[in-house]
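The following paragraphs lead through a ligand shell, a sheet and an interface between chains.

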Amino acid sequence: MSTERPSRPKMPQRPPEERIKDFNEVPLGLSEEVAVAEARRCIQCKKPTCIEGCPVEIDIPGFIKLLSQGELDGAIAKIKEKNSLPAICGRVCPQEDQCESKCILGRRGQPVAIGYLERFLADYEREKGVKAPSLPPPRDKKVAVIGSGPAGLTCAGDLARMGYKVTIFEALHAPGGVLVYGIPEFRLPKAIVAQEVDYVQSLGVELKVSRVIGKTFTLDDLKDEGYQAFFIGTGAGLPYFLEVPGENLNGIYSANEFLTRSNLMKAYLFPRYDTPLKVGQSVAVIGGGNVAMDSARTALRLGAKEVCLVYRRTKKEMPARIEEVERAEEEGVNCIILTNPVRFLGNENGWVTGIECIQMELGEPDESGRRRPVPIPGSEFVIPIDTVVVAIGQGPNPLLLETIPDLQLNRRGYIAADAETGATSLAGVFAGGDIVTGAATVISAMGAGKRSAQAIDRFFTDSNSFPEWRQ
Amino acid sequence: MAKILKKEVLTPQIKLMVIDAPWVARKARPGQFVVLRINEQGERIPLTIADFDLQEETVTIIFQEVGKTTMVLGDLEEGDEILDFIGPLGKEIEEKYFGHVVCVGGGVGIAPTYPKARAFKEKGNRVTSIIGARSSNLLFWEEEMRRVSDELFVTTDDGTYGEKGFVTQVLERVLNKDKVDLVVAVGPVIMMKMTSLLTEKYSIPTLVSLNPIMVDGTGMCGCCRVTVGGKCKFTCVDGPVFDGHQVDFDELMARQRIYLEEEKRALDAWLMETEKEGAPYHVY
Ligand SMILES: Cc1cc2nc3c(=O)[nH]c(=O)nc-3n(C[C@H](O)[C@H](O)[C@H](O)COP(=O)(O)OP(=O)(O)OC[C@H]3O[C@@H](n4cnc5c(N)ncnc54)[C@H](O)[C@@H]3O)c2cc1C
Ligand SMILES: Cc1cc2nc3c(=O)[nH]c(=O)nc-3n(C[C@H](O)[C@H](O)[C@H](O)COP(=O)(O)OP(=O)(O)OC[C@H]3O[C@@H](n4cnc5c(N)ncnc54)[C@H](O)[C@@H]3O)c2cc1C
Ligand code: SF4
Ligand code: SF4
Ligand code: FES
């Protein structure tokens, strides 16, 4: 055996000039040989710090050990003890900030590629076909899950595995939340999401799409239908705008509209699909997060000649995953940093023609610890463009919340819920995911769904639980 | 899935359908709308709830064939199913006693005017209705409107039926001779704009029902944003009914034209495919 340790593998990916012509997935996945070799790099720590970095506490050394021994079925089963959506998390988890950031090998060299290995195992299982596990005897308690994003899907799946009757109500016509309407096909193939949803349904979960809770049914209507516990996982779907002059000009989209038209409505297949999406020659995306990267890369694939990102801090502060910023740049996206829009300029027909921007510099750190951008007086300049995507963040959609006036919200308008259980101020009502934390990650939403499923089980089986609801 | 129980051709381009949709019918109120998607490839389009029946648990929609989606819908028959039928969406109008309410309906906007007029009538208001269309063959529901109104006026732009001219000229006459407490206008944007400009001169509160392009209809995309009183509002959740004196109608008209080219492409492709000829194409 060679004494030289192999190094962390690079994810094979399609070349930029090829991939910007279509919406097919960019990273290709590891081969079995490379995955097993990488698994052998893990030193099987006695006190594995990597687990602390995973919001659902996957037994990382456990699954990696099985993989290193070539026991692929055992390895994926180990992951699935904690994470029911590994094919998704292996693709979109910000591993570099989570599990991998805590890997001991990262201190001296390169951390184990935990995310790639998870993805490899999930894909292996998917290609083989997934069997539904055997279910315990059914219990006569009905739970309503509102929203079919990662939080709702996970909560529903876990409750079904405990024997509860679960119905998911989803406002849109397709389940998956951000996984279907937000994250593009080239990063997360929709067939994978569909398979995960099928799996949850195979556990006996009933799925009702095109039902807007708060409008079609209220929470009280559902109580009348016999639902005894509720999990609200409605996400952070309200798009924020900059609120600067000219923002309603034609050609200016919220990232939600832009991505929904492309992903959910399949505008990239127009006119085979009916929903159009107009992308000009020169597109500016405002923002620096994952949503901004996804919008910029989508714009390129829809035929834009030039795409720039306009971000008010520097690349270092961008909240997007490093991998995604790199991929966007490889594909030709141009980052204009330390720049903030002050107004949009338009022509006589009401179409946007440019953005007047002001240059920024970094001042003192703010509450988030990042240095606050401050405008430099007199530094205004114009970026000529014909399409703008505003990707500066999302908030809580008030549509459902307004219909439950007794439900306590926090200062920012999200649902106030216990971090451990998701219990809200209303008896039997739990909440988790982005609607509690604000825009976060797929895996943290799943973690919340999981913890609430446990809590809902306790709510039904332990009459001493949740005393605050029981007086 | 929602089944089409009944189909009626009101004018060559305006069709009525009664849809089996208990989940919408149970909650529907005047002023609200649905979003529908006909099939897997389909666009999501908003249509006003023109009527609803709690006993039968049905919802009536009335639509004008202006583009691909409304034409494909118009080709469906009784017994066919619509893939997604979502609602009721938007806020209801405030149903209460105002006194004398004038309801103005233009073109296909007559349909959404009807449940509002009926609701005002039920609350004891005196209801005067003015309905108008470009030509007599675009006019419908005169009898229905008469039934829920104390007085009804009918106009056509070309004078082929009723009084020749625009609804606004009748409205002006009513405003001159009568005390009016509220005007409600639903129709093409230009008609709602002219109506609002007129009632502003008389300082009469005016409600309009806006019809911007929408995608989700639940406040998630911001496509339907309009400027009302200088503020950005989402029509699908904050509306669709707004104070007409506060609405920036010119911006709304510009935003309705975003997809003109693509809409024409989609329609032409579909006409070619289905070998339909000379189907009417006009955009308001
Ligand atoms: C473009 C984009 C890219 C992202 N990229 C990443 C990434 O790479 N990695 C990562 O970890 N995270 C990423 N995120 C964040 C991640 O997707 C979210 O944190 C996560 O999806 C939140 O899950 P959730 O279940 O709380 O809500 P959501 O996924 O938002 O799902 C909520 C669901 O509830 C439905 N709903 C809302 N209101 C109602 C109602 N009244 N009645 C019925 N249904 C309702 C919605 O339609 C939606 O389907 C990204 C987000 C976006 C927008
Ligand atoms: C709240 C609301 C209620 C409405 N109620 C009715 C109604 O009761 N009866 C009726 O006939 N029409 C109604 N409309 C308008 C109707 O939605 C459009 O006519 C329909 O979407 C056109 O689709 P299309 O594919 O046939 O035509 P397209 O070829 O797509 O478009 C033709 C015209 O319709 C407009 N339009 C296109 N897409 C949309 C969209 N998604 N939403 C709104 N307008 C669009 C375009 O600006 C264009 O002027 C309503 C619109 C709104 C917002
Ligand atoms: S779920 Fe995410 S954080 Fe947890 S081990 Fe997998 S990639 Fe890492
Ligand atoms: S910290 Fe790194 S090396 Fe240690 S067990 Fe976890 S993955 Fe393996
Ligand atoms: S249609 Fe999407 S926010 Fe109104």
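Ala, Val, Leu, Ile, Met, Phe, Trp, Tyr, Cys and Pro count here as nonpolar, Asp, Glu, Lys and Arg as charged, and the others, Gly among them, as polar. By that scheme, the shell around ligand 4 divides into eight nonpolar residues, one polar and no charged. Among the residues around ligand 4 (a heavy atom within 4 Å) are A:C42, A:C45, A:C50 and A:C103. This is a predicted model, in which local features need pLDDT of at least 70 and side-chain atom pairs pLDDT 80 or more, whereas totals for chains, interfaces and linings use all residues. Residues are numbered from 1 along each chain as its sequence is written, chains are lettered from A and ligands numbered from 1 in the order in which they are written, and side-chain values use heavy atoms, without hydrogens and water.

In chain A, five strands (DSSP runs of E, at least two residues, numbered from the N terminus) form an open parallel sheet in the order β3-β2-β1-β4-β16; strands pair if DSSP finds at least two bridges between them. Because β3 (206–208) and β16 (429–431) of chain A stand at the edges with a single partner strand each, one side of each lacks a neighbour in the sheet. Within the sheet, β1 (residues 142–146) and β2 (residues 165–169) of chain A pair in the parallel sense over five bridges, and the partner of A:I146 in β2(A) is A:F169.

Chain B meets chain A through 43 residues on each side, contact meaning heavy atoms within 4.5 Å. The count between chain B and chain A is four salt bridges, each a side-chain nitrogen of Lys or Arg within 4 Å of a carboxyl oxygen of Asp or Glu. The side chains of B:K68 and A:D274 form a salt bridge at 2.7 Å, N to O.

Notes: Helices (H or I, at least four residues) and strands (E, at least two) are DSSP runs, numbered from the N terminus.
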